[in-house]
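Subject: A structure to look through

Dear colleague,

I am passing on a structure that I would like you to open beside this message. Please look it over first, and then read the notes that follow it.

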Amino acid sequence: MQNKDTDLNMKLLIQEKYKAAMAKMDGKKDSEALINEALTEITALLEHKIIFKKLSVADQYGSRQTDVYVQNKENKYEEFVFSYEFETEKIFPVRMSYVNIITSFCSNVPEVATFMKEMISEETFMIKIIRVSEAIENPFNSDDDIPF
C-alpha cells in the first residue's frame, strides 16, 4: 500500500512542479511581450523612423543578456538603450537596466511593467529615442579627415 501512496505523491509532486515551471515560463513570455509592445508603440509614435534591435550576448558565466538598441532606419545610426537578463535556471528575478540610471531585479510581470514605466518616464529616455530618430546622418560614418 505504501508503494501506491509513494507513487501518487510522486505523481502529484511532478504535476505541481510542472505547473509552477510553466507559470514561470509564461511569465517570461508575458514580460517579453510587454517589452515588445512598449517598443512597438514608441516606433509607431515616431512614424517608423526607428527600429529597436535586440542582441543576445553571453557574459563570462554563460548567462544570456539581451541588449536593446534604437536605430535610425534611414542612416543606420544606433545607440544602446537598455538591457535585461532572465535568471538562467529560475527565470525570475529578471535584471533590467537602463544605462546605469535605473536597475531593477523584477520578480514578476507587474514588476517588469513598473520598470518599463519608470524607464519611459525617465527624462533622458525619450530624448535619446527622438534624437536617434531625427539624426540626419550617422555621426560615425564620416569621410572627413580627423583634424589631428
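Strand 3, which takes in residues 78-87, is mostly covered in this predicted model, since seven of its 10 residues are buried. On one side strand 3 is joined to strand 2 by six bridges, and these two strands run antiparallel; within that pairing, Y69 stands opposite F80 of strand 3. Strand 2 and strand 3 form a hairpin that has five residues between the strands, and in this hairpin K76 takes a positive phi near 70 degrees. Y77 also belongs to the loop between strand 2 and strand 3, and Y77 counts as buried because its relative accessibility is 8%, which is under the 20% limit used for that word. If you follow the chain from Y77 to I136 you pass along 59 residues in sequence, yet the two C-alpha atoms are 9.4 Å apart in space.

Strand 3 also pairs with strand 4, again in the antiparallel sense, over six bridges. Two of the pairings can be picked out by eye: Y84 has M96 of strand 4 as its bridge partner, while E87 has I91 of strand 4. Three residues lie between strand 3 and strand 4 in the hairpin that they form.

How many of the eight residues of strand 4 are buried? Seven of the eight residues in strand 4 (residues 91-98) are buried, so this strand is largely enclosed by the rest of the structure. Strand 4 then pairs with strand 5 (residues 102-106) in the antiparallel sense over five bridges, and there S97 stands opposite T103 of strand 5. The hairpin of strand 4 and strand 5 has three residues between the strands, and V99 in that hairpin takes a positive phi near 30 degrees.

It may help to turn next to the nonpolar core. As background, nonpolar side chains tend to be buried together in soluble globular proteins. The largest nonpolar core here holds 29 residues, and those that touch the most other members are F52, F82, M96, M116 and I129. Two or more residues are given to this core by each of helix 1 (2-45), strand 1 (50-58), strand 2 (64-72), strand 3, strand 4, strand 5, helix 2 (109-121) and helix 3 (123-133). Strand 4 supplies the largest share of this core, namely five residues. F82 is a useful residue to centre your view on, and when its neighbours within four places in sequence are left aside, its contacts include I35, L39, V68, M96, M116 and M119.

The charged side chains give a further set of links, and the count comes to four salt bridges. In one of them, the side chains of E78 and K53 meet at 2.9 Å, N to O, and this pair links distant parts of the chain, with E78 in strand 3 and K53 in strand 1, 25 residues apart. E78 counts as partly exposed at 29% relative accessibility, and K53 is likewise described as partly exposed, with a relative accessible area of 33%.

Which residues are joined with E79 into one network by salt bridges that share partners? To answer that, begin with the salt bridge in which the side chains of K128 and E79 meet at 3.8 Å, N to O; K128 is in helix 3 and E79 in strand 3, 49 residues apart. Both K128 and E79 are buried. R131 forms a salt bridge with E79 as well, and the closest N and O atoms there are 2.6 Å apart. Since R131 lies in helix 3 and E79 in strand 3, this pair ties together parts that are 52 residues apart in sequence. At 42% relative accessibility R131 counts as partly exposed, whereas E79, at 14%, counts as buried. Salt bridges that share partners thus join E79, K128 and R131 into one network.

Lastly, please look at the surface of the model. M10, L13 and I14 make a nonpolar surface patch of about 290 Å². L13 has its place in helix 1, and it counts as partly exposed because its relative accessibility is 41%.

With best wishes

How values were computed:
Residues numbered from 1 in each chain as written. Predicted model: local features only at pLDDT ≥ 70, side-chain atom pairs only at ≥ 80, totals over all residues. Heavy atoms only, no water. Buried < 20%, exposed > 50% of the residue type's maximum accessible area, 1.4 Å probe, protein only. Helix = DSSP H or I, 4+ residues; strand = E, 2+ residues; numbered from the N terminus. Pairing = 2+ DSSP bridges. Core = buried A, V, L, I, M, F, W, Y, C linked by side-chain atoms within 4.5 Å. Contact = heavy atoms within 4.5 Å. Patch = residues over 30% accessible without salt bridge, like charges linked within 9 Å, V, L, I, M, F, W, Y side chains within 5 Å. Areas by Shrake-Rupley, 256 points an atom, 1.4 Å probe, with all protein chains shown as cover.
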